[in-house]
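Visitor: I'd like a close look at one strand and the residues along it, please. Once that part is clear, carry on into the rest of the fold.

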Amino acid sequence: MDDLAPAALKTDAGLTTVKTACRICLCFCGLDVTHDGEKIVRIRPDKDNPNNWRDFCIKGGSADRLRDHAQRLTAPMKRVGDRYVEVPYEQAVQEIAAQLNGIRARHGKNAIATYIGNPGMSSTEGGAFMAGFIKALGSTSNYTVGSVDQNSFNLVAEEMYGCEMALLNPDVDHAQCMLMLGMNPAVSYVGWMYQVPDGWNRILQAQERGADVIIVDPRITASTKKLKTHLKIRPGEDWALLLALIKLVFENGWEHQEDCAQASGVDTLRALAQAASLDDLAQRCGLPVAQIQDVARRFATAQTAVCWANTGVSQNRNGTIGEWLTHALNLITGRTDRKGGRFYQPGIFKNTMKLLNTMSPPSKVRSRVGGYRMIAGGFPLATLPEEITTSGDGQVRALIINAGNPVVAGPDGARLDAALAQLDCLIAIDFFQRESHRHAHWLIPGTHFLEREDFFTILGSLNERPYAQLMQAAIPPRAGMHHEWEFFRDLAVAMGIPFMGIKGLNPVIRASRWLARVTGKPHLAFNPRWIWALLVKTASRLKWKELNEKRSGYFYDEKSYGHFRAALQTPDRRIRVAPPEFVAVLRSRLAEPLPRPDADYPLQLVNQRHLSMMNSWLVETVKRMEARGDLIEINPADAAALGIADQAPVQVASRTGTLTARARLTQDVPPGIVSMDHGWGSRLFDPKTGTAPQVQGINRNQLVAADTLDELSGTPNLNGTAVNVRAA
């Protein structure tokens, strides 16, 4: 068992420096973190990290602002009347277990729901052990932040390739033509459900070498200003552009015959494209026919090319069909699993997709409200308020929020906030008491990523090149704090439900915890390293000792192509180009009238993000807070017509909500479109003092309806909500 203990840390003159990696986004930038045992002294890029240190940014560089924040929760707190009191960890676990068991006995297991946010999903320890708790509980009332942005990725992967995590990397170094939709890689650093280290610089370098780089975005951004071709598309209508490109590929005989022959459904896709009118599709997406024809030729006739989309496409009612058609375009033009296209990196296991489907089979369960399918382990967040307020079997009466702020992250937060107030038990695990936790009965402190280890086993397939790193804990948690994985493990044991659904595991957990106490060796208590070591030693290509020793991570193989088709999990081991549900929705879109401005709400609201932000996760600590969070960008022509001056207060309204913002006049948004930052609008409470909360900006998602969703993925219409703007 000694190899399960973390390696000893080196100290120098009272300071300790640890090589680890940032886990705020999927870039996983290497970090050198120096601390004095209590506080972090310095964070620098780990230049020994062979995979990624060049994307080191302000988010990772200022991680100490979050870890050492004065209002951070450090002990469990219980609501007593209208105030909170600290209670010992063991007492909190026992009391919560008793409350949840009572709810389960009275109302059934599905009355207990869970929600996991971005920080929780970036924790391999907390996320895995939360899944083990859910498995023990047997509840299907689970919700994830993925339903706000990435559900379409997972759904398309499952329907086309047979596994929700069958995700493909863009090969930016070898693509002679790149078609990028709904992204701002100068800010995102090309890291979202795939990893392209130093990706933005590599895209610019490819363009300098002669690559034809095309970006599709309604707005002018830091990225569009650097790339040679910018298509200013109508928000939410990317699918129409993609279908038009597919139509032109078939009409001109540009399809890849071999790849089309090996897939199923190509004839269905061809018939759909042939039946569509190019003029109609051009009007829907707001682009000239000649421009679409030019892009189709450039993409289809390039020796190598790749098309991919991000949140600008996924976060609207057409997100799934938009994402699907990017994959279809790649497939029919021979860009799937090839050099210079989108390719699959198998990861540390022989067949990661098969292993994942074995460990977590795709669910056939539909939600009680709305009948939405479960995607990546959760139902749409947008349906949660109604699941709480609608009586009947399965009504949600208790909720555990793991590192999330769903009132801010999801649509129509006021509706969710009102529903949360009705819960019998609300448990929030987080750094702070945020907007979504103001009705919480229990506040459980969460650990910072620099205070824990992480090892991305399954997500190793998202790496562009075969790479592994056991990300070290840089600094210990404060005295008395417990990791999220400990809370979920201990809660399952206290409730008497079989952790991970494995009968007989709970006594092993109890015995291991006793042994750790009497020997003074914490690693002897059942913990994530047990699972990681078992997977590495029995099912991976790695060596556990080497993984422990190479603190900065290492490449265990060379980048290669052609692994995807052998790993497919579809019944016939063929790519399904035309999933029936997708085809049905596409046909319905083609039958709809052309999009017209709403007379009462004539402007379309779209998202934007900034380098210092990560959804609502970092809003409490982001620098230059005063400069962002309450602005709405509007074209000067629209502003003049509405009598709005730069920096003037304005009222922004949709059919769902109303808020007040400040106008910023800019040519970066075209007429008819307005843009606001995503992730703001939270309040930071101090449960210790009960003083007035700190307010950070305004929540633009209050304008977004919870009942206008992508019917396939359940994703809300964050890009394209109809609004009006008036002088306040």
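**One strand and its partners**

Guide: Start with Glu 633, which has Arg 664 of β23 standing opposite. Keep in mind that this is a predicted model. On its other flank, so to speak, Glu 633 also has an opposite number in β24, namely Ser 675. The strand you're looking at is β21, residues 631–634. Its pairing with β23 (residues 658–665) is parallel and made by four bridges. With β24 (residues 673–677), β21 pairs in the antiparallel sense, and there the count is three bridges.

Now look at the two faces of β21. Leu 631 and Glu 633 lie on one side, Ile 632 and Ile 634 on the other, and all of them are buried. That puts Glu 633, a residue with Arg 664 opposite, among the covered ones.

Moving on to another sheet: this one is open, has seven strands and mixed pairing, and reads β6-β5-β17-β16-β15-β7-β8. The edges belong to β6 (83–86) and β8 (142–144); each has a single partner strand, so one side of each goes without a neighbour in the sheet. From one strand to the next, the twist averages 20°.

Inside that order, try β15 (residues 398–402) and β16 (residues 425–430), which are joined by five bridges in the parallel sense. If you want a register mark, Leu 399 stands opposite Leu 426 in β16. Helix α5 (residues 124–137) lies across β7 (112–116), β8 and β15, and its direction is at about 165° to β7.

For another helix, pick α16, residues 319–332. Its 14 residues should span 20 Å at 1.5 Å a residue, and the end C-alpha atoms are 20 Å apart, so the two agree. It's mostly covered, with 14 of its 14 residues buried. After α16 comes Gly 334, which has a positive phi, near 75°. A little further along is Arg 335, whose charged end sits over the ring of Phe 299 at 5.5 Å from the ring centre. Arg 465 does a similar thing with Phe 555: its charged end sits over that ring, 3.7 Å from the centre.

That brings us to the rings. Searching the whole structure turns up 16 aromatic pairs. One of them is Tyr 344 with Phe 564, a tilted pair at 5.4 Å centre to centre and 50° between the planes. It ties together distant parts of the chain, 220 residues apart: Tyr 344 is in the loop between β14 (342–343) and α17 (352–359), while Phe 564 is in helix α25 (residues 564–567). Both partners, Tyr 344 and Phe 564, are buried.

Set that beside Phe 487 and Phe 488, where the centres are 5.6 Å apart and the planes meet at 70°, so this pair is edge-to-face. The cut-off here is an angle over 60 degrees. Phe 487 has 1% relative accessibility and so counts as buried. Phe 488 is at 0%, so it's buried too.

One last stop is a cluster of rings. Phe 129, Trp 485, Phe 499, Phe 526 and Trp 530 are linked into it by ring pairs. By numbering, Phe 129 falls within residues 124–137 of helix α5, the helix lying across β7, β8 and β15.

Notes: Residues are numbered from 1 along each chain as its sequence is written. This is a predicted model: local features need pLDDT of at least 70, side-chain atom pairs count only at pLDDT 80 or more; totals for chains, interfaces and linings use all residues. Side-chain values use heavy atoms; hydrogens and water are left out. Rings of Phe, Tyr and Trp (its six-membered ring) pair if their centres lie within 6.5 Å; planes under 30 degrees apart count as stacked, over 60 as edge-to-face and the rest as tilted. Buried means under 20% relative accessible area, exposed over 50%, partly exposed in between (1.4 Å probe, protein chains only). A charge sits over a ring if NZ of Lys or CZ of Arg is within 6 Å of the ring centre and within 35 degrees of the ring normal. Two strands pair if DSSP finds at least two bridges between them. Axes are lines fitted to C-alpha atoms, for helices over the stretch in contact, and angles run from 0 to 180 degrees between N-to-C directions. Contact means heavy atoms within 4.5 Å. The expected span of a helix is 1.5 Å times one less than its number of residues.
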